[in-house]
Amino acid sequence: MTPFKGLVAFPITPMDADGKRDERRRAIAAALSETGGRTPVIAGVGALRTDETVRLTRDARAEGAAGGLLAPVSYTPLTDEEVFAHFAAVSAACDLPICIYNNPSTTHFTFSDELIGRLSALDHVIAVKNPAPAADTASAAIAALRGRAPAGFSVGYSADWGCAEALIAGADAWYSVVAGLFPAVALDITRAVARGDVAAARAADARLAPLWTLFKAFGGLRVMYAAANLTGLCAAAPPLPILPLAGEARRQVEAALHDLGLIA
């Protein structure tokens, strides 16, 4: 069974100032202990070098992760052939199921449908996480990818504000920031789509519009750190150089969470 299906939640990962390799392994172990086998755990395995990515992928497999999320990060912009070679090396080195992480705003690399199709032919590369398309193009985008990948390849999307429509259009997975802290509101949408209740899914998504506005204005990471502090679940600030939201921005997050009933 693929771990890249349905709602995939990304909680804030505890990390000290060093963020060493052994700490990443402990974070995976802690997540597995918390889930107790009830939910698959996916680990981020991206690194600046292929050899380090291979080590992180092997670590994730050794700790018991169900899959790895692999973004091609590099100091210099990468070519398609370099990215293919990177994934091929990881695929050959470890049998951990891998999801292609297409995150152009972070990595400055954009996966074409053609490249995703090539990568899907590699052993263990079984999913993609793409930025959510516009609602009116979602069905065509999903069909285009399915036409290039083998049966069973998981097509999923991120950018929370666009994922309800992507699920409605037939996406396999929603890679969600909000679900890492408030899973119930994301499950309302995911379960409504699963039972074919499109109206309920869209209504649940529309209810979260104030939060999506904040995500687009400030970035989901900053909003979720502020939310974690406001709920009392976390007293940590985001890792530098990212600065925590303060002043009017923090007040906007607090007001939105209060109006949604997510904080008292």
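Which helix lies across β5 and β6? It is α6, residues 138-146. This helix runs at about 140° to β6, which spans residues 154-158. The model is a predicted one, and the strands beneath α6 are a good place to start reading it.

β5 and β6 belong to an open sheet of seven strands. The order across the sheet is β1-β7-β6-β5-β4-β3-β2, and the pairing is parallel. Two strands sit at the edges: β1, residues 6-9, and β2, residues 42-44. Each of these pairs on one side only. On average, neighbouring strands are turned by 25° against each other, direction ignored.

Individual pairings show how the strands are joined. β4 covers residues 98-101 and β5 covers residues 125-131. They pair in the parallel sense over four bridges. One residue to find here is C99, whose bridge partner in β5 is A127. Towards the β2 edge, three bridges join β2 to β3, and these two strands run parallel. There, G44 has L69 of β3 as its bridge partner.

Strand β3 deserves a second look. In a regular strand, side chains alternate between the two faces of the sheet. In β3, residues 67-70, both faces are covered. G67 and L69 lie on one side, G68 and L70 on the other, and all four are buried.

Now turn to the interior. In soluble globular proteins, nonpolar side chains tend to be buried together. The largest nonpolar core in this model has 65 residues. Those with the most contacts inside it are F87, I100, F111, L119 and V178. What does F111 touch, leaving aside its neighbours within four places in sequence? Its contacts are P72, V83, F87, I100, Y101, N102, I116 and L119. A second, separate core has nine residues, including V8, L69, Y101 and A173. L69 is thus a residue to follow twice: it is the bridge partner of G44, and it belongs to this second core.

T190 offers another view of the inside. Its place is in helix α8, residues 183-194. T190 counts as buried because its relative accessibility is 14%, under the 20% cut-off. Not counting residues up to four places away in sequence, T190 touches G6, L7, L167 and W174.

Next come the helix pairs. α1, residues 21-35, packs against α2, residues 50-63. The angle is about 30° and the axes are 10 Å apart. The two helices are therefore roughly parallel to each other. α1 passes α2 in a right-handed crossing. On the α1 side, the contact is made by R21, R24, R25, I28, A29 and L32. On the α2 side, it is made by E52, R55, L56, D59, A60, A62 and E63.

After α2, the loop to β3 holds G64. At 40% relative accessibility, G64 counts as partly exposed. G64 and L181 are 117 residues apart in sequence and 23 Å apart in space, C-alpha to C-alpha.

Further along the chain, α11 packs with two helices. One is α10, residues 209-218. Here the angle is about 120°, with the axes 7 Å apart, so α10 and α11 are oblique to each other. L211, L214, F215 and F218 of α10 meet G220, R222, V223 and M224 of α11.

The other partner is α12, residues 247-259, which packs against α11, residues 220-231, at about 65°. Their axes are 10 Å apart. These helices are therefore roughly perpendicular to each other. α11 passes α12 in a right-handed crossing. The contact is made by V223, A226, A227, N229 and L230 of α11 and R250, V253, E254 and L257 of α12. V223 takes part in the α10 contact and in the α12 contact.

Last, look at the backbone. Most residues other than glycine have a negative phi, and most peptide bonds are trans. Which peptide bond is cis? The bond from L240 to P241 is, with omega near 15°. P241 lies in the loop between α11 and α12. H108 is not a glycine, yet its phi is positive, about 60°. H108 lies in the loop between α4 and α5 and counts as exposed, at 65% relative accessibility. A159 also has a positive phi, near 75°. Its loop runs between β6 and α7. A159 is partly exposed, with a relative accessible area of 26%.

Terms used
Residues are numbered from 1 along each chain as its sequence is written. This is a predicted model: local features need pLDDT of at least 70, side-chain atom pairs count only at pLDDT 80 or more; totals for chains, interfaces and linings use all residues. Side-chain values use heavy atoms; hydrogens and water are left out. Two strands pair if DSSP finds at least two bridges between them. Axes are lines fitted to C-alpha atoms, for helices over the stretch in contact, and angles run from 0 to 180 degrees between N-to-C directions. Contact means heavy atoms within 4.5 Å. A nonpolar core is a set of buried Ala, Val, Leu, Ile, Met, Phe, Trp, Tyr and Cys residues joined through side-chain atoms within 4.5 Å. Buried means under 20% relative accessible area, exposed over 50%, partly exposed in between (1.4 Å probe, protein chains only). Angles under 35 degrees count as roughly parallel, over 145 as roughly antiparallel, 65 to 115 as roughly perpendicular and the rest as oblique. A crossing is left-handed if the near helix is turned anticlockwise from the far one by less than a right angle, and right-handed if clockwise.
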